[in-house]
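Please examine the sequence and the model shown below. The paragraphs that follow lead through its architecture step by step.

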Amino acid sequence: MKVLFTRFSATGDIVLTTGPIDYFHRKFPEAQIDILTSPGGEELLSSLPYINKFHTVPKGSSLLKIISIYLKIPSYDYIFDFQGSLKSQLVSLFTKAKYLKIEKHSRERRAYVKSRKFKSLLTDHVVQKYAKVYLDEFNLNIPELEKLRPRFPNFKPQNDIELPKKYIVLHPYASQKNKEWPYFFELSNLLISNNINVVVVGNGESHFPKEVINISNQTSLRQLFSVIQNASAVVTTDSGPLHISVAFQIPTLSVFGPTTKELGFYPNFKKTLVLEDNDLQCRPCHVHGGNTCPLQHFQCMYNLSAQQAYNELHGLLLKYKN
């Protein structure tokens, strides 16, 4: 059996495909697995040792360029489309493969954010949605969530950044401003005062105490992975590094404000904990988080103190102490 999995973006979404792809491989170890992705996606997925071949579509490719790439793609028995966009669906026109795509429930998610409708349809994590693309076809039951956990079994770290032997990673940035928790500075002070080394990663601008090792905007993707892989714990926003940390099974505290579990990216995996305010009726307020609070109070984040985060992190570290 020859199959092609498709996912172009974004970093966190591609990381989350690794668990469902790995689960497929375990169920069908003799299958030839190829990937259709972006060059960045190839870098992310290259640590899966059983991938036969990558087909890449550079970002910003014209329609003619995309078609020329698709025309060169060999025949498959199945195409499992985890992207579900016009760009990814287009490949089905150039092959006789059986084409199956993800059900993203985009309309239902928007309706839930707006009027709290369709909650019963929004119980699956995105990794379960990915897996269902092929599970139904082969009459397989959906496994427990942990079996679909993202993973990088053959990741080769790039340990060329000099860091302490033990440290906690803070990732304060996000693609949407509303998902950025305002108390990372205060949390870093609490950690430092308890003799804990702090390393800040990601792309963005933030101010931290001078004792913090701030390598924001200074790491390649592989270096970022390596820094997270070697951390004692990670505290992060609802963002790509959250899923990277989950993949390496690092104790992870994530801060959720405008987004909730119904939107599909909630980390219900082992060694994870979510800091959030479940008493606010205005959550979620935006499918992707948004950049301004619709009610102008931002209580979903302001209500979550640095001391709360420190206490939760302390408990998480005690629970998973090596």
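What covers the buried residues of α8? In this predicted model, helix α8 spans residues 221-229, and its buried residues are Gln223, Leu224, Phe225, Ser226, Val227 and Ile228. Their cover includes the helices α1 (11-27), α2 (39-45) and α9 (240-247), together with the strands β6 (168-171), β7 (198-200) and β9 (233-237).

Helix α1 also leads to the sheet, since that helix lies across β1 (2-6), β2 (32-37), β3 and β4, running at about 165° to β2. The sheet itself is open and consists of five strands in the order β3-β2-β1-β4-β5, with parallel pairing. Its edges are formed by β3 (51-56) and β5 (98-101), each of which pairs on one side only. From one strand to the next, the twist averages 20°.

Strand β4, residues 78-81, pairs with β5 in the parallel sense over four bridges. Within this pairing, Phe80 has Leu100 of β5 as its bridge partner. Helix α6 packs on the sheet as well, touching β1, β4 and β5, and its direction makes about 160° with that of β4.

Phe80 provides a route into the interior. Leaving aside residues up to four places away in sequence, Phe80 touches Val3, Leu4, Phe5, Thr6, Phe24, Leu100, Val133, Tyr134 and Phe138. The largest nonpolar core holds 54 residues, of which Phe5, Ile21, Ile33, Phe80 and Tyr134 touch the most other members. Helix α6 (residues 126-135) supplies the largest share of this core, seven residues. A second, separate core of 26 residues includes Ile168, Leu275, Met301 and Ala306.

Note on methods: Residues are numbered from 1 along each chain as its sequence is written. This is a predicted model: local features need pLDDT of at least 70, side-chain atom pairs count only at pLDDT 80 or more; totals for chains, interfaces and linings use all residues. Side-chain values use heavy atoms; hydrogens and water are left out. Buried means under 20% relative accessible area, exposed over 50%, partly exposed in between (1.4 Å probe, protein chains only). Helices (H or I, at least four residues) and strands (E, at least two) are DSSP runs, numbered from the N terminus. Contact means heavy atoms within 4.5 Å. A nonpolar core is a set of buried Ala, Val, Leu, Ile, Met, Phe, Trp, Tyr and Cys residues joined through side-chain atoms within 4.5 Å. Two strands pair if DSSP finds at least two bridges between them. Axes are lines fitted to C-alpha atoms, for helices over the stretch in contact, and angles run from 0 to 180 degrees between N-to-C directions.
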